[in-house]
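Work through the exercises below with the model open beside you. Each task is followed by a stepwise solution.

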Amino acid sequence: MSGGQNGRVGVLGAGAWGTALAQMLASDGRKVLIWARERELVDEINSARSNSIYLPTATLADTIHATGDLVDMAKLDALLVVTPAQHMRSVLAAMPAHPHDLVLCSKGIEAGSGRLMNHVAKDVATGSAIAILSGPTFAHEVAAGLPTAVTLACDGGEKQWNRISAMIARPTFRPYYSDDIIGAEIGGSVKNVLAIACGVVDGLGLGQNARAALIARGYAEMLRFGEALGARPETLAGLCGLGDLVLTCSSTSSRNFSLGKALGEGMSADTLMADRRTVAEGAHTAPVLVELAEQRGVAMPIVEAVHSLLTGGAPREVVSDLLSRPLRAEQGPAG
Ligand SMILES: NC(=O)C1=CN([C@@H]2O[C@H](COP(=O)(O)OP(=O)(O)OC[C@H]3O[C@@H](n4cnc5c(N)ncnc54)[C@H](O)[C@@H]3O)[C@@H](O)[C@H]2O)C=CC1
Ligand SMILES: O=C(CO)COP(=O)(O)O
């Protein structure tokens with residue numbers, strides 16, 4: 001089996017997160033190949049050691065090499081897959097073959113199919129072993145070498161986790177073991193939608209109490225949805241759930257939070273989404289999450305509120321609707 005500490009690891013996607021992961025992997029002097037969709041970015045990374053479009057704060061390590069050719073990526077032992085969720089299927093499908101290990105780092109659910117990223121990857125890369133990497137990881141901090149920890153969920157169990165973590169763990173980047181890939185995915189996908197909601201609260205000036213209440217009630221939605229899909233609650237209490245939720249719901253470094261804040265301040269969703277170059281995954285996840293929750297009878301009023309705001313709802317009215325829901329017990333399935 002290929003892999004181990006000498007396994008050749010690459011990064012598929014040179015947005016902020018893919019570039020930061022490449023920088024993190026290169027921090028021990030290792031050669032890292034990164035695939036960029038934009039031709040000009042391939043040239044810029046290789047010649048100027050920068051990514052001025054998506055991660056302008058970083059000076060990239062000399063051992064990072066960019067390619068625009070997916071054939072190069074197919075020859076590696078392991079790939080961190082870091083495309084936006086809605087493009088993962090098309091990018092993986094365009095590869096002539098797939099490495100043994102695919103570590104999915106995108107946070108979202110595919111619109112239309114309602115499929116989680118691990119399902120999308122399994123549809124397309126039938127022979128690969130799939131893992132999910134998710135946790136509190138703002139790209140600019142990881143690229144700067146600041147410490148964090150992530151959930152690395154492997155449905156192939158500890159053997160797969162040992163192989164991958166030997167390739168990607170670094171002193172300031174600590175993967176924790178899980179075998180709950182559904183839980184790891186749901187944490188990252190749902191928290192993006194909840195971060196938009198917290199941004200709205202901030203934009204409307206509703207205060208820090210309201211934001212904390214929203215995080216707690218949003219977490220209850222994440223747990224209910226997770227349970228319906230077979231996720232374990234302890235996974236969602238960890239790095240990929242609560243950890244990432246707390247991070248993203250409290251910082252304008254989050255694109256999702258910032259999008260919500262601008263909505264709360266009165267900008268229209270259409271204006272905010274038009275010609276957007278960076279991805280705010282929560283805006284794409286919200287509609288499909290509403291659909292999946294409805295199909296399963298899971299109450300997700302905050303997620304529904306975000307969906308309503310993204311489709312033209314007025315922030316104060318949407319908040320007022322949320323606040324006028326019937327009072328009920330804090331624990332339980334009814335939301
Ligand atoms: N930025 C961050 O701090 C973190 C991001 N993530 C996740 O990583 C994933 C990628 O996000 P970022 O790297 O931040 O993206 P980004 O917003 O920095 O860049 C956008 C990316 O989308 C790609 N793209 C645009 N149109 C495309 C198409 N038609 N086909 C394929 N690719 C296309 C661009 O090439 C670029 O790589 C998302 O799912 C995000 O939730 C996860 C953890 C941290
Ligand atoms: O997922 C992230 C941090 O863990 C990044 O969040 P945003 O996509 O909202 O910037």
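Ala, Val, Leu, Ile, Met, Phe, Trp, Tyr, Cys and Pro count as nonpolar; Asp, Glu, Lys and Arg count as charged; the others, Gly among them, count as polar. This is a predicted model, in which local features need pLDDT of at least 70 and side-chain atom pairs count only at pLDDT 80 or more, while totals for chains, interfaces and linings use all residues. Residues are numbered from 1 along each chain as its sequence is written, and chains are lettered from A and ligands numbered from 1 in the order in which they are written.

**Exercise 1. Describe the shell around ligand 2 and place the ligand relative to the domains.**

Step 1. Collect the residues around the ligand (C-beta atom, placed from the backbone, within 6 Å of it). There are 13 around ligand 2, and Thr137, Asp244, Ser254, Arg255 and Asn256 come nearest.

Step 2. Assign them to elements. Helices (H or I, at least four residues) and strands (E, at least two) are DSSP runs, numbered from the N terminus. Two or more residues of the shell come from each of α8 (181-203), α11 (239-248) and α12 (255-264). The largest share, three residues, belongs to α11.

Step 3. Sort by class. The shell around ligand 2 holds four nonpolar, five polar and four charged residues.

Step 4. Locate the ligand. Domain bounds come from an automatic or database domain assignment. Domain 1 (9-179) and domain 2 (189-323) both contribute to the shell, so ligand 2 lies between them.

**Exercise 2. Do the same for the shell around ligand 1.**

Step 1. Here the shell has 25 residues, with Gly15, Ala16, Trp17, Ser106 and Thr278 nearest.

Step 2. Helix α1 (residues 16-25) gives the most, three residues.

Step 3. The class split is twelve nonpolar, nine polar and four charged.

Step 4. Domain 1 and domain 2 each supply at least three residues to the shell around ligand 1.

**Exercise 3. Characterise the contact between domain 1 and domain 2.**

Step 1. Take the separation. The C-alpha centres of the two domains are 25 Å apart.

Step 2. Count contacts (C-beta atoms, placed from the backbone, within 7 Å). In domain 1, 19 residues touch 20 residues of domain 2.

Step 3. Find the elements on the domain 1 side. β7 (148-154) and β8 (173-178) each supply at least two residues. β7 gives the most, with three.

Step 4. Classify that side. Domain 1 presents ten nonpolar, eight polar and one charged residues to domain 2.

**Exercise 4. How do the axes of α8 and α14 cross, and which residues make the contact?**

Step 1. Fit the axes (lines through C-alpha atoms, for helices over the stretch in contact, with angles from 0 to 180 degrees between N-to-C directions). The axes of α8 and α14 come within 8 Å and cross at roughly 105°.

Step 2. Name the angle. Under 35 degrees is roughly parallel, over 145 roughly antiparallel, 65 to 115 roughly perpendicular, and the rest oblique. α8 is therefore roughly perpendicular to α14.

Step 3. List the partners. Ser189, Val190, Asn192, Val193, Ala195 and Ile196 of α8 meet Glu281, Gly282, Ala283, Thr285, Ala286 and Leu289 of α14.

Step 4. Sort them. The contact has seven nonpolar, four polar and one charged residues.

**Exercise 5. Bring in α15 and analyse its contacts with α8 and α14.**

Step 1. Begin with α8. Its axis and that of α15 come within 9 Å and cross at roughly 70°. The two helices are therefore roughly perpendicular.

Step 2. Val193, Leu194, Ile196, Ala197 and Val200 of α8 contact Ile302, Val303, Ala305, Val306 and Leu309 of α15. By class, there are ten nonpolar, no polar and no charged residues.

Step 3. Turn to α14 (residues 281-296). Its axis and that of α15 (residues 301-310) come within 9 Å and cross at roughly 125°. That makes α14 oblique to α15.

Step 4. List this contact. Gly282, Ala283, Ala286, Pro287, Leu289, Val290 and Ala293 in α14 meet Val303, Glu304, Val306, His307 and Leu310 in α15. The classes are nine nonpolar, two polar and one charged.

Notes:
Contact = placed C-beta atoms within 7 Å.
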